[in-house]
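The following exercises invite the reader to work through a single protein chain, step by step. Each task is followed by a worked solution.

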Amino acid sequence: AAELRDELLFMFPESTHLGDCPICMLPLPLDLSKSKMASCCIKVICLGCDHANDLRIDEGKLQHTCPFCREATPSTDEGSDNQRMKRVEVNDPAALTHEGIQQCKKDDYRSAFEWYTRAAELGDVDAHYRLSVMYYIGHGVEKDKGKEVHHLEEAAIGGHPSARYYLGVYEWNNDYNERAVKHWIIAA
């Protein structure tokens, strides 16, 4: 079983945990400032597709809509929150993770932990990474090295480069230098 786990762990992922832009199908950049999440459908799109949508709207003097699902874009934060909560209600893993992020911003780590756990159970890679950080720091949960490493591994298998890097640090600190270097090569 350990050999199978290592085989999964040390496979080069096909893409990052962010995947591809659902419109142009190009890989999304790791720099999150170069992509945008739509509150209506919780899809992350590249800024190029967002810009193309803005041009389409400006040229046709159309109402501003989501580039992916074409839903009207809310004009207030309350409208965005309502749309996001609709996605939360249907257990969209990305929306659950985003809700956890919102709770962390309010310093409600217990609630954030619950949201991240729900999203991780549904396979959200970013939620696994955020849970590993919570177990490392001890926000909302007791520090637990075993659970931290488990969630780091799940996130690394899913292509999360930061999780892969910190997993390498963990391996290096425990004198598994060859494993650490493999993680860092994959993360690079």
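## Exercise 1: The overall architecture

The chain contains 9 helices and 2 strands. The model is a predicted one.

**Task.** Determine in what order the elements of the chain run from the N terminus on, and describe the box that the C-alpha atoms fill.

**Solution.**

1. Read from the N terminus, the order of elements is α-β-β-α-α-α-α-α-α-α-α.
2. Along the principal axes, the C-alpha atoms fill a box of roughly 60 × 35 × 25 Å.
3. The chain has 188 residues, of which 37% count as buried.
4. Among contacts with a separation of 6 or more, 40% are accounted for by residues 24 or more positions apart.

## Exercise 2: The surface and its charges

**Task.** State what area the chain exposes, how many positive and negative side chains it has, and which residues make a nonpolar surface patch.

**Solution.**

1. The exposed area of the chain is about 11200 Å², and carbon and sulfur atoms supply 53% of it.
2. There are 21 positive and 31 negative side chains. The centres of these two sets lie 3 Å apart.
3. F12, W172, V181 and I185 make a nonpolar surface patch of about 410 Å².
4. One of these patch residues, W172, belongs to helix α8, which spans residues 161–173. W172 counts as partly exposed because its relative accessibility is 39%, a value that lies between the limits of 20% and 50%.

## Exercise 3: A buried residue in helix α4

**Task.** Establish where T97 is placed, whether T97 is buried or exposed, and which residues T97 is in contact with, leaving aside neighbours within four places in sequence.

**Solution.**

1. T97 is placed in helix α4, which covers residues 93–105.
2. The relative accessible area of T97 is 4%. The limit for a buried residue is under 20%, so T97 is buried.
3. With neighbours within four places in sequence left aside, the contacts of T97 are Y116, A119, D124, D126, A127 and R130.

## Exercise 4: Salt bridges between helices and a strand

Side chains of opposite charge can pair when their charged atoms come close.

**Task.** State how many salt bridges the structure holds. Then examine the partners of E153, K36 and E99, and decide for each residue of these pairs whether it is buried or partly exposed.

**Solution.**

1. The structure holds 11 salt bridges.
2. E153 is bridged to R5, with the closest N and O atoms 3.1 Å apart. This pair links distant parts of the chain: E153 lies in helix α7 (residues 145–157) and R5 in helix α1 (residues 2–9), 148 residues apart.
3. E153 is buried, its relative accessible area being 16%, whereas R5, at 25%, is partly exposed.
4. K36 and D50 meet through their side chains in a salt bridge of 3.6 Å, N to O. Here too distant parts of the chain are linked, with K36 in strand β1 (residues 35–37) and D50 in helix α2 (residues 47–60), 14 residues apart.
5. K36 is partly exposed, with a relative accessible area of 36%, while D50 is buried at 9%.
6. E99 forms a salt bridge with R84, and the closest N and O atoms are 2.9 Å apart. E99 is in helix α4 and R84 in helix α3 (residues 77–89); the pair, 15 residues apart, links distant parts of the chain.
7. E99 counts as buried at 7% relative accessibility, and R84 counts as buried at 8%.
8. Finally, R5, E153 and E154 are joined into one network by salt bridges that share partners.

## Exercise 5: Positive phi values in loops

**Task.** Find where M25 and D107 are placed, give the phi of M25 and of D107, and say whether M25 and D107 are buried or exposed.

**Solution.**

1. M25 is in the loop between α1 and β1. Its phi is near 65 degrees, a positive value in a residue other than glycine.
2. M25 has a relative accessible area of 53%. The limit for an exposed residue is over 50%, so M25 is exposed.
3. D107 is in the loop between α4 and α5 (109–121). Although D107 is not a glycine, its phi is positive, at about 65 degrees.
4. D107 is exposed, with a relative accessible area of 54%.

Terms used: Residues are numbered from 1 along each chain as its sequence is written. This is a predicted model: local features need pLDDT of at least 70, side-chain atom pairs count only at pLDDT 80 or more; totals for chains, interfaces and linings use all residues. Side-chain values use heavy atoms; hydrogens and water are left out. Helices (H or I, at least four residues) and strands (E, at least two) are DSSP runs, numbered from the N terminus. Buried means under 20% relative accessible area, exposed over 50%, partly exposed in between (1.4 Å probe, protein chains only). Contact means heavy atoms within 4.5 Å. A salt bridge is a side-chain nitrogen of Lys or Arg within 4 Å of a carboxyl oxygen of Asp or Glu. Accessible areas come from the Shrake-Rupley method with a 1.4 Å probe; for residues, only the protein chains shown count as cover. Lys and Arg count as positive and Asp and Glu as negative; His and the chain ends are not counted. The place of a charge is taken as NZ of Lys, CZ of Arg, CG of Asp or CD of Glu. Patches are made of residues with over 30% relative accessible area and no salt bridge: like charges are joined within 9 Å, nonpolar side chains (Val, Leu, Ile, Met, Phe, Trp, Tyr) within 5 Å.
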